[in-house]
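Q: I've got this model open and would like a close look at a single part of it. Pick a residue, walk me outwards from there, and keep it informal.

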Amino acid sequence: MAKDPQSIRVVIYDQEYFMRGDLNQEYIQKLAVYLDTKMRSIAERTRTVDTVRVAMLAALNVADEYHQMKAKYEKATQDIDQKVGEYTEALDQFLKDAV
């Protein structure tokens with residue numbers, strides 16, 4: 001594979017990849033290190049040597065993390081919206097009483 005001048009070399013689970021995109025090089029490296037670490041952790045815990053199986057388990061693990069974080073974000077957003085509504089009602093009542 002010919003290396004493109006704008007490509008970024010990453011190593012994930014002892015495999016070399018050249019990535020292209022608009023993302024910052026440091027960020028892409030950070031993602032690659034995260035995935036490499038995740039795959040190595042899974043391989044160690046499961047004692048699996050099949051790279052495809054390790055990659056699938058890592059993908060499921062990352063998907064689980066994403067959905068848990070998304071649920072927390074949605075809950076926090078809902079809680080904030082509720083509080084804003086309560087404060088708006090209290091402020092409206094205060095201003096109504098003040099007039």
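A: Let's start at Ala55, which sits in helix 2, the stretch covering residues 51-98. Keep in mind that this is a predicted model. Ala55 has a relative accessible area of 32%, so it counts as partly exposed: that value lies between the 20% that limits buried and the 50% above which a residue is called exposed. For a sense of distance, take Val11: it is 44 residues from Ala55 in sequence, and the two C-alpha atoms are 14 Å apart in space.

Val11 brings us to the strands. Strand 1 (residues 8-12) runs antiparallel to strand 2 (residues 15-19), and five bridges hold the pairing together. One of the pairs to click on is Ile8, whose bridge partner in strand 2 is Met19. The two strands make a hairpin with two residues between them. In that turn, look at the backbone of Tyr13, where phi is positive, at about 55 degrees.

Now step back to Ser7, in the segment before strand 1. Ser7 has a relative accessible area of 11%, and because buried means under 20%, it falls in that class. Leaving out residues up to four places away in sequence, Ser7 touches Phe18, Met19 and Arg20. Met19 thus turns up twice here: as a contact of Ser7 and as the bridge partner of Ile8.

Past strand 2, the loop leading to helix 1 (25-46) holds Leu23. Leu23 reaches 48% relative accessibility, so it is partly exposed. Together with Tyr27 and Leu31, Leu23 makes a nonpolar surface patch of about 290 Å².

Finally, zoom out to the whole chain. There are two helices and two strands, and along the sequence they come in the order β-β-α-α. The radius of gyration is 23 Å, whereas a compact globule of 99 residues would be near 13 Å. Along the principal axes, the C-alpha atoms fill a box of roughly 75 × 40 × 15 Å. Buried residues, Ser7 being one of them, account for 15% of the 99 residues. As for contacts, take those between residues at least 6 apart in sequence: 25% of them join residues at least 24 apart. The chain exposes about 8500 Å², with carbon and sulfur atoms supplying 57% of that area.

How values were computed. Residues numbered from 1 in each chain as written. Predicted model: local features only at pLDDT ≥ 70, side-chain atom pairs only at ≥ 80, totals over all residues. Heavy atoms only, no water. Pairing = 2+ DSSP bridges. Helix = DSSP H or I, 4+ residues; strand = E, 2+ residues; numbered from the N terminus. Buried < 20%, exposed > 50% of the residue type's maximum accessible area, 1.4 Å probe, protein only. Contact = heavy atoms within 4.5 Å. Patch = residues over 30% accessible without salt bridge, like charges linked within 9 Å, V, L, I, M, F, W, Y side chains within 5 Å. Areas by Shrake-Rupley, 256 points an atom, 1.4 Å probe, with all protein chains shown as cover. Salt bridge = Lys/Arg side-chain N within 4 Å of Asp/Glu carboxyl O. Rg over C-alpha atoms; globule rule 2.2 N^0.38 Å.
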